[in-house]
Structure formats: C-alpha cells, structure tokens
Amino acid sequence: MIRNNVFLRRILYNARLLIIAITAIISLIPVAFIIMNSFMGAAEAAARYTSIVTAHNSFGVISGNMHYINMGFIPELISISAWREVLVENPESLRFMWNSFILTVPILVGQLVIAPLAAYGMERAKSKHKEKLFFTYIIIMLLPMQALLVPHFIAANMLGINQTYLAIILPAIFAPFGVFLVRQQLKGFNKEIIEAGKIDGANELRIFIRLVVPNIKPTITVLAVLAFAEAWNIIDQAVVFIRDSFALPMSVHLSANLAGNMGIVFALSTLFMIPAMIVFIYGQDDMKEGLGYSGHR
C-alpha cells in the first residue's frame, strides 16, 4: 500500500513537471518567434508580414491588392540586415529606447522609495481610519488606467506639465499597488524586531532602514520587477501626454511602425525585450520568495 502511494505521488509529481515544462515552452514561443524573425531580410519580411504584393509573395493567395500573412518561425535566408540597419546605418530608432529609460528609471526609483515608506507609515499609524485609507488605495488600484487618464490630464494641465514626461512620471511614482504589496507583508512582520529597535533608541526612520527593509527585500524585489515591467510597457499615458513623436517611448514607437520594415520592427522588439529579461532574471529568486510572502498574508 505504501509502495503504491509513493509510486502515485511520483506520477503526479512528474505530471506536474511535464505540465509546467509544456506551459513554459508555449510561453517562450512568441519570444523565440520575434528573435528568429529579427534575422529575416527586408524582402522576405515584406513578403510575409505586410499587405504589399511583391514577386516574393505572389505565390500566396491574393485577393485584389492584398495577400495573406505567411508567418514563419525560421527565415528562409538568415540575414543581419535589420540589425545592421538598427545599430549601424540608422540608429535613430535607438533614441526611443533611451526615451523608455528616461520614463522608466524615475518611476522605478520613485516607487521603491515612496511605496515602502508609505506602507510602513500606514502599518505603524495609530489612526483608526487607516484601514479606510488602505481600502481607498485598493479601490484606486482596481480602477483601469483609462478611467484615471482624464483626471491625470486635468491635473497635468493645472500644474503646467502636460506634454512632458513629468505628466507620466509623477502619477506613476505614487501608484497604489506598491503600497498594497509591501503592506501585505508588513502585516505579518515580527513586531518584536521593531520594539527591540525602539528599546535601543532608534527612531522610526532608522528602524525602517536598518531593520525592516533588509527583512522585506524579497517583496521589494517583486515591486521593482513589476514596477519596471509596468513603466517599460507604458502606452496609453504616452499617447495621451506626449505629442512629440520623437519623444515617444519604444513601446509606442513599435506599435506605430508595424506597417514599416517588419525586419527592423522584429529587431527593435528584440532589443526592447532585453532589459525586461535582465530585470526578471536578476530578481527571479527573490520574486518566488516575495510572492509567497504576499500571497498568504
């Protein structure tokens, strides 16, 4: 009986591993597709992914002046022309990557400073209304971004920062999700550590920096990764607040140029993925621990 139970558990464990592996492979297919297609020549990219009928795609099904997209995972002819165009011959597109960094870095730094401090202050506050305030944070967090764009636009006009990066950066720094995430862990934080710090004569700020932050590092890492992903992929706010086409982030620039040279679009998309991949890989170990903490508070 015991042997049968062990055998059954092994089967279930291997089945779970197989499901996870299949899910991971399926999730990676779009990434591999973009990377492989970035090594496609301009003529083949136009033949496969644009509406232009050329000698390269006339073998396909043609309806009037249109042809069907002919997706391919591996290029028929490997070419670095798109990469040469992006990195050497026409590097102007890289300025949109720089625009993305200009938006993302202040948002990320601001959230990592504001959110833990606000969450700690909210948790330590003695006010009987703090839970009502926290509930308000949750409601705002659940509102779709599109519902907040109009008040953001009005506030930006009043402050005179419309059509500038500040109109995007300032609201994003004070986004409620980070406060919610960090406070979820602080609810279960060992209060004896804080009391020991107070007995030693440390003030609240010193206790927060020296005792609290090192113990919630996994949750702060989760916040950093998620805040980076959110800011790096900004689209709606950039479309509303930025009118200068050369000041747009790469996320908007890519969507606005899908009708152009698709080989270059694939190369830029690959470049655009690299920073997010680096951030995720760097923080993946702490993310598993941090999400575990936040999930059972």
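R183 and E131 form a salt bridge in this predicted model, with their closest N and O atoms 2.7 Å apart. This pair links distant parts of the chain, since R183 sits in helix α8 and E131 in helix α5, 52 residues apart. How exposed or buried are the two partners? R183 counts as buried, at 1% relative accessibility, whereas E131 is partly exposed, with a relative accessible area of 40%.

R183 has a second partner as well: its side chain meets that of E123 in a salt bridge of 2.9 Å, N to O. Because E123 lies in helix α4 and R183 in helix α8, this pair ties together parts that are 60 residues apart in sequence. E123 counts as buried at 15% relative accessibility, because the limit for that class is under 20%. Taken together, E123, E131 and R183 are linked in a network of salt bridges.

Another salt bridge joins the side chains of R84 and E89, at 3.2 Å from N to O. R84 is partly exposed, with a relative accessible area of 38%. How many salt bridges does the model hold? The count comes to four, and the table sets out three pairs from among them.

| Salt bridge | N to O distance |
|---|---|
| R183 and E131 | 2.7 Å |
| E123 and R183 | 2.9 Å |
| R84 and E89 | 3.2 Å |

Let us turn to the largest pocket. Its volume is about 610 Å³, and 26 residues line it. Which residues lie nearest its centre? They are M145, A172, A175, P176 and E230. As for the character of the lining, 22 of its residues are nonpolar, three are polar and one is charged. E230 is that charged residue, because Glu is classed as charged and the lining has one charged residue.

Several helices take part in this lining. At least two residues each come from α4, α5 (130-142), α6 (145-159), α7, α8, α11 (217-232) and α12 (236-241). Which helix supplies the largest share? That is α11, with five residues. The helices that carry the E123, E131 and R183 network appear here too: E123 is in α4 and R183 in α8, E131 is in α5, and each of these helices supplies at least two lining residues.

Now for the surface. V105, V109, V113, I114, L117, L166, L170, F174, L205 and I209 make a nonpolar patch of about 840 Å². Helices α4 (94-124), α7 (166-173) and α10 (204-215) each supply at least two of its residues. The helix that gives the most is α4, with five residues. Both α4 and α7 therefore serve the patch and the lining of the largest pocket.

One patch member, F174, is placed in the loop between α7 and α8 (176-186). Is F174 buried or exposed? F174 is exposed, with a relative accessible area of 53%, because the limit for that class is over 50%.

Helix α7 also contains I169. In contrast to the exposed F174, I169 counts as buried, at 8% relative accessibility. For a patch, a residue needs over 30% relative accessible area, so I169, at 8%, does not qualify. How far apart are I169 and I102? In sequence they are 67 residues apart, and in space 9.5 Å, C-alpha to C-alpha.

How values were computed. Residues are numbered from 1 along each chain as its sequence is written. This is a predicted model: local features need pLDDT of at least 70, side-chain atom pairs count only at pLDDT 80 or more; totals for chains, interfaces and linings use all residues. Side-chain values use heavy atoms; hydrogens and water are left out. Patches are made of residues with over 30% relative accessible area and no salt bridge: like charges are joined within 9 Å, nonpolar side chains (Val, Leu, Ile, Met, Phe, Trp, Tyr) within 5 Å. Accessible areas come from the Shrake-Rupley method with a 1.4 Å probe; for residues, only the protein chains shown count as cover. Helices (H or I, at least four residues) and strands (E, at least two) are DSSP runs, numbered from the N terminus. Buried means under 20% relative accessible area, exposed over 50%, partly exposed in between (1.4 Å probe, protein chains only). On a 1 Å grid over the protein atoms alone, a cavity is a set of points where a 1.4 Å probe fits but cannot get out, and a pocket is an open set with protein on both sides within 12 Å along at least five of seven lines; lining residues have an atom within 4 Å of a point. Grid points are joined across faces, edges and corners, and a volume is the space filled by probe spheres set on the points.
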